[in-house]
Amino acid sequence: MRVVINDQNIDYIFKRVRRSRSLRISIKRDGKITVTAPFFVSAKQGEKFLIHNGEWILEKLKQHKEKAAKSIFPSSHKDFLINKSRALRLAREKISKLNVFYCFKHAKVTIKNMNTRWGSCSKQGNLNFNYKMIYLSDELAEYIVAHELCHLSEMNHGRNFWKLVARTVPGWKILRKQLKNIN
Ligand SMILES: [Zn+2]
């Protein structure tokens, strides 16, 4: 069945269930909507109930879509364990390469499974990287490492920081933008 909520066509399944006592809406991850109703409830009443909860439904559908868009990369714990050492090799390789120029001293290099960040640099000089950088282009991975490496010298994102980054990654501006569009 179909209703229109805020100019959006919403398809759903109306299902009567013997043991059900009240109307219920369920939304699956793929966006499939089911209205479950007791036997005494008509399809029209089901539709009304759906429209009444329209805002909530649209919000849920939006959330599901956003989540789906984010999962371009696998990010399970299992995937992390499988690829952790590969990511560490990549990070170390890039650090060695870039440090021929910078010669910065760093402490530990750690690989983490993060959702919103690609890397970080602590006050103690520890460098952390997101294991998912193995799924990025070589250019982007190198930019991420250069970025964190430069924080060893400049802890902020001021002009001097970007000058420093530009010494090894002249195209940092475009790469930074690209990275913002990836999640
Ligand atoms: Zn930074």
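Biologist: Let me start with a single residue. In which strand is Ser120 found?

Modeller: Ser120 is found in strand E6, which covers residues 119–121. Please keep in mind that we are looking at a predicted model.

Biologist: Is Ser120 buried or exposed?

Modeller: A residue counts as buried when its relative accessible area is under 20%. Ser120 has 14%, so it is buried. Leaving aside residues up to four places away in sequence, Ser120 touches Asn126, Leu127, Asn128 and Glu148.

Biologist: Thanks! Now let me step back to the whole chain. Into which domains is the protein divided?

Modeller: There are two entries to remember: domain 1 spans 2–70, and domain 2 spans 77–180. Taken over C-alpha atoms, the centres of domain 1 and domain 2 are separated by 44 Å.

Biologist: How should I read a nonpolar core, and which residues have the most contacts inside the largest one?

Modeller: The general idea is that nonpolar side chains tend to be buried together in soluble globular proteins. Here the largest nonpolar core has 36 residues, and those with the most contacts inside it are Trp118, Phe129, Met133, Leu136, Tyr143, Ile144 and Val165. At least two residues of this core come from each of helix H3 (77–102), strand E5 (109–112), strand E7 (127–130), helix H4 (138–150), helix H5 (159–168) and helix H6 (172–180). The element that gives the most to this core is H4, with eight residues. Apart from this core lies another one, of 15 residues, among them Ile10, Val41, Leu50 and Leu58.

Biologist: Could we zoom in on one core residue? What does Val165 touch?

Modeller: Not counting residues up to four places away in sequence, Val165 touches Tyr102, Tyr143, His147, Cys150 and Trp172. Hold on to His147, as this histidine is also one of the protein donors of the zinc ion.

Biologist: That brings me to the metal. Which atoms are the protein donors of the zinc ion?

Modeller: For a metal site, look for the donor atoms and then for their spacing along the chain. The protein donors here are NE2 of His147, NE2 of His151 and NE2 of His157, lying 2.0 Å from the zinc ion. Along the chain, the donors follow the spacing H-x3-H-x5-H. Since water is not among the atoms, the site may look incomplete.

Biologist: Are His151 and His157 buried or exposed?

Modeller: The two get separate labels. His151 has a relative accessible area of 7%, so it is buried. His157, at 47% relative accessibility, counts as partly exposed.

Biologist: As a bench person I always check the cysteines. How many disulfides does the structure hold?

Modeller: Zero. To read this feature, ask whether two cysteine sulfur atoms lie within 2.5 Å of each other. For Cys103, the nearest cysteine sulfur is that of Cys150, 12 Å away, and Cys103 is in no disulfide. Cys103 counts as exposed, at 60% relative accessibility. For Cys121, the nearest cysteine sulfur is again that of Cys150, 9.9 Å away, and Cys121 is in no disulfide either. Cys121 counts as buried, at 15% relative accessibility.

Biologist: And the charged residues? How many salt bridges are there?

Modeller: In general, side chains of opposite charge can pair when their charged atoms come close. The count here comes to five salt bridges. One of them joins Glu47 and Lys44, with the closest N and O atoms 3.3 Å apart. Glu47 and Lys44 are three residues apart in helix H1 (residues 43–52), so about one helical turn separates them. Glu47 counts as partly exposed, at 21% relative accessibility, whereas Lys44 counts as exposed, at 55%.

Biologist: Which helices does the salt bridge between Asp138 and Lys94 involve?

Modeller: The side chains of Asp138 and Lys94 meet at 3.0 Å, N to O. Asp138 lies in helix H4 and Lys94 in helix H3, so this pair ties together parts that are 44 residues apart in sequence. Asp138 is partly exposed, at 47% relative accessibility, while Lys94 is buried, at 4%.

Biologist: What about Glu142: with which residue does it form a salt bridge?

Modeller: Glu142 pairs with Lys97, and their closest N and O atoms are 3.0 Å apart. This pair also links distant parts of the chain, with Glu142 in helix H4 and Lys97 in helix H3, 45 residues apart. Glu142 counts as buried, at 12% relative accessibility. Through salt bridges that share partners, Lys94, Lys97, Asp138 and Glu142 are joined into one network.

Note on methods
Residues numbered from 1 in each chain as written. Predicted model: local features only at pLDDT ≥ 70, side-chain atom pairs only at ≥ 80, totals over all residues. Heavy atoms only, no water. Core = buried A, V, L, I, M, F, W, Y, C linked by side-chain atoms within 4.5 Å. Buried < 20%, exposed > 50% of the residue type's maximum accessible area, 1.4 Å probe, protein only. Helix = DSSP H or I, 4+ residues; strand = E, 2+ residues; numbered from the N terminus. Contact = heavy atoms within 4.5 Å. Domains from an automatic or database assignment. Donors = N, O, S within 2.8 Å, 3.2 Å for Na, K, Ca; no water. Salt bridge = Lys/Arg side-chain N within 4 Å of Asp/Glu carboxyl O.
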